[in-house]
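Work through these exercises with the structure open beside you. Try each task before you read its solution.

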Amino acid sequence: MPMQVGQPIHGELIYPVYADNKLVLPAKTIVTGSVTALHPNHDRRVSARLRADFTPFYTPVVDFNQIQLPDGTTLTIATSTATDGAPIYRLVAPPPRKGGFIRRQFDTGLQILHDQISLFTAPGKKDRLLRVVYSQLPWHPQNIEKGTAWTVETTTPFTVSEQPASPDPAVSTENSSNSSAWFVQAYLNEKLSSATSKQGEPIRATVAEPIYNPDHSIAVPQGATLVGTITQARPARRFGRAGVLHFNFRQLVLPAGTTRNVETTLTAADSAGGQNLAMNSEGVVKPKPQDKIAIPLLLAALAISPLHEDADDRGEVLARKNATASNSIGIIGFVVGIASGSANVAAGFGAYGTALALYNRWIKRGTDVTFVRDTRIVLQTTPRHAPVLSAQPSH
C-alpha cells in the first residue's frame, strides 16, 4: 500500500482473541483502519544515504477503528495507535544438532546458502525482487509491505458475543508417568532485548488461549500468568558480534491466585526481525550468521577489474568493467562509472562498496535480539518437573 496519510488499512487478525476462556474474535477477523501520520525513520535514512539512496523513509502511524465478525457484524472499536508495524516471521526451534565443530560449521554454511536461495524461491519473491530493484535507485516510492503486522490494545470496552470455538482445541497430552505436557500460546508482558535485559531479571507472560484436558475441562486457563527469568542476555558488540537472548518460565499463576511450578522450553516466537534471527533447539535466539567472506571478496574482485586493462580492453569491454565495478552503490555509481570512462573512478566506487560491506560485516556493532511487548510465543512444558494441574471448571 502507498505510504501516505489517510491510506486505508485492511487486514485480519493473525491469532484468535479469548476472554474468560471464551472465543470472542476468531483468527482472520477483518480489521480496518487508516494511516494517521508519518514519522521520519532516521536510522533507516542514515543507512540508506551511505548507499546513495535518498528516499525520505517514514514509519506509518496506524489507527484501527473497526472489526467485522465472520457473520458480517461490524463493530466500532477504539485502540491505541500503532507504530511498530513490520512483517512478522515465526522462529521455530529445530531438532538438536548432531556432530562436532566441523559438522556444525558445515550446517551453518548450508543454512546461509539455503537462505540466499530462498530469496529467489520462497513465496513473495516478486515483492523481494521489487525491493532489490528499488535498492539500486537514488530515490524510490516507499510502500507499506504486504504482510506488515501491528499489535494494538483496545482503549475502551466493547461488547461482543461468544463465537463458535475451534473444532480442535488445544488439548494437554498425557504420558506414561501421568504428567501433562502442553504447548502454551502466550504473549510477553514487557519488551525483552539482549541490549538492555539482564541475566536473572524477572519476566512475565500471559496465556493467550485456554488448554483443555482430554475430558474438556480446562487445564491451563486463558489469562493465567507465566513467571520466569532471563537466563542469558549478551548485548551486541563491535566487530559484528551479535547479541544473544534466552529466557524461560518456572511458575504458572492461575487467575484465582494459585501458583504451580512448571518447566518450560521456548519452541517458537514471532519477531519483526525474525528473517535475520535464528532459534536453536534450546530456545536461545540470536542473529543468523552472515556471509562475511564471499561477498566482500567478490566486491573487491569487481572493484579492481577495471585496473587490469588488457590491450584489447577497449570500448564495450572497458565500459562493462567500469559499470560492474561502480554498481556496488546502485544506479548512481553505475551511471557515473560509465559516463566518466575512467577506470580509476569506477574502481573508486567499487572500493567504497567493498569497504562498506567489510564495515557492516566485520567492524560495525552486531545486531541485538529484541522482542517487543505483546510478542507471541509458544512454550512447551517438560513433563519431568511439571506436576499435573488440577482441572479447572469449564465455563
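The exercises below deal with a predicted model.

**Exercise 1. An open sheet**

Task: Find which strands stand at the edges of the open sheet of four strands, and say why one side of each is left without a neighbour.

Solution:
- Step 1. Write down the strand order. The sheet runs β1-β4-β5-β6, and the pairing is antiparallel.
- Step 2. Look for strands with a single partner. These are β1 (8-12) and β6 (74-76).
- Step 3. Draw the conclusion. Each edge strand has one partner strand, so one of its sides has no neighbour in the sheet.
- Step 4. Add the twist. From one strand to the next it averages 40°.
- Step 5. Check one pair in detail. Strand β5 (residues 58-68) is joined to β6 by three bridges, and the two run antiparallel. Within this pair, I67 stands opposite L75 of β6.

A reminder on pairing: strands of a sheet pair through backbone hydrogen bonds, either parallel or antiparallel.

**Exercise 2. A strand with two partners**

Task: Describe how β20 pairs with β8 and with β24. Then decide whether the residues of β20 are mostly buried or exposed.

Solution:
- Step 1. Take β8 (residues 89-92). Four bridges join this strand to β20, and the direction is antiparallel. Here L91 faces A269 of β20.
- Step 2. Take β24 (residues 376-381). Five bridges link this strand with β20, again in the antiparallel sense. T265 has Q380 in β24 as its bridge partner.
- Step 3. Check burial. The cut-off for buried is under 20% relative accessible area. Seven of the eight residues of β20 (residues 264-271) are buried, so the strand is largely enclosed by the rest of the structure.

**Exercise 3. Salt bridges**

Task: How many salt bridges does a search of the whole structure find? Examine three of them, including E12 with K28.

Solution:
- Step 1. Give the total. The search finds five.
- Step 2. Start with E12 and K28. Their closest N and O atoms are 3.5 Å apart. E12 sits in strand β1 and K28 in the loop between β3 (22-25) and β4 (30-40), so this pair links distant parts of the chain, 16 residues apart.
- Step 3. Judge their exposure. E12 has 42% relative accessibility and counts as partly exposed. K28 reaches 57% and counts as exposed.
- Step 4. Go on to E263 and R250. Their side chains meet at 1.8 Å, N to O. E263 lies in the loop between β19 (259-261) and β20, while R250 lies in strand β18 (residues 244-253), so the pair ties together parts 13 residues apart in sequence. R250 is partly exposed, at 35% relative accessible area.
- Step 5. Finish with R365 and D368. The closest N and O atoms of this salt bridge are 2.9 Å apart. R365 is partly exposed at 39%, whereas D368 is buried at 17%.

**Exercise 4. Positive phi**

Task: Where do K28 and D374 lie, and what is the sign of phi in K28 and in D374?

Solution:
- Step 1. Recall the usual case. Most residues other than glycine have a negative phi.
- Step 2. Read K28. Its phi is near 75°, a positive value in a residue other than glycine. K28 belongs to the loop between β3 and β4.
- Step 3. Read D374. The phi of D374 is near 75°, also positive. D374 is found in the loop between β23 (370-371) and β24.

**Exercise 5. Buried or exposed?**

Task: Classify Q7, K146 and W362 as buried, partly exposed or exposed.

Solution:
- Step 1. Set the limits. Buried is under 20% relative accessible area, exposed is over 50%, and partly exposed is in between.
- Step 2. Place Q7, in the segment before β1. Its value is 12%, so Q7 is buried. Beyond its sequence neighbours up to four places away, Q7 touches M1, P2, G33, S34 and V35.- Step 3. Place K146, in the loop between α3 (125-135) and β9 (148-149). Its value is 76%, so K146 is exposed. K146 and A86 are 60 residues apart in sequence, yet 9.5 Å apart in space, C-alpha to C-alpha.
- Step 4. Place W362, in helix α7. Its value is 40%, so W362 is partly exposed.
- Step 5. Put W362 in context. A nonpolar surface patch is formed by F239, I293, L297, L358, Y359, W362 and I363, with about 710 Å² of accessible area together. Helix α7 (residues 343-363) gives the most to this patch, with four residues.

Terms used. Residues numbered from 1 in each chain as written. Predicted model: local features only at pLDDT ≥ 70, side-chain atom pairs only at ≥ 80, totals over all residues. Heavy atoms only, no water. Buried < 20%, exposed > 50% of the residue type's maximum accessible area, 1.4 Å probe, protein only. Pairing = 2+ DSSP bridges. Axes fitted to C-alpha atoms, helices over the stretch in contact; angles between N-to-C directions. Salt bridge = Lys/Arg side-chain N within 4 Å of Asp/Glu carboxyl O. Contact = heavy atoms within 4.5 Å. Patch = residues over 30% accessible without salt bridge, like charges linked within 9 Å, V, L, I, M, F, W, Y side chains within 5 Å. Areas by Shrake-Rupley, 256 points an atom, 1.4 Å probe, with all protein chains shown as cover.
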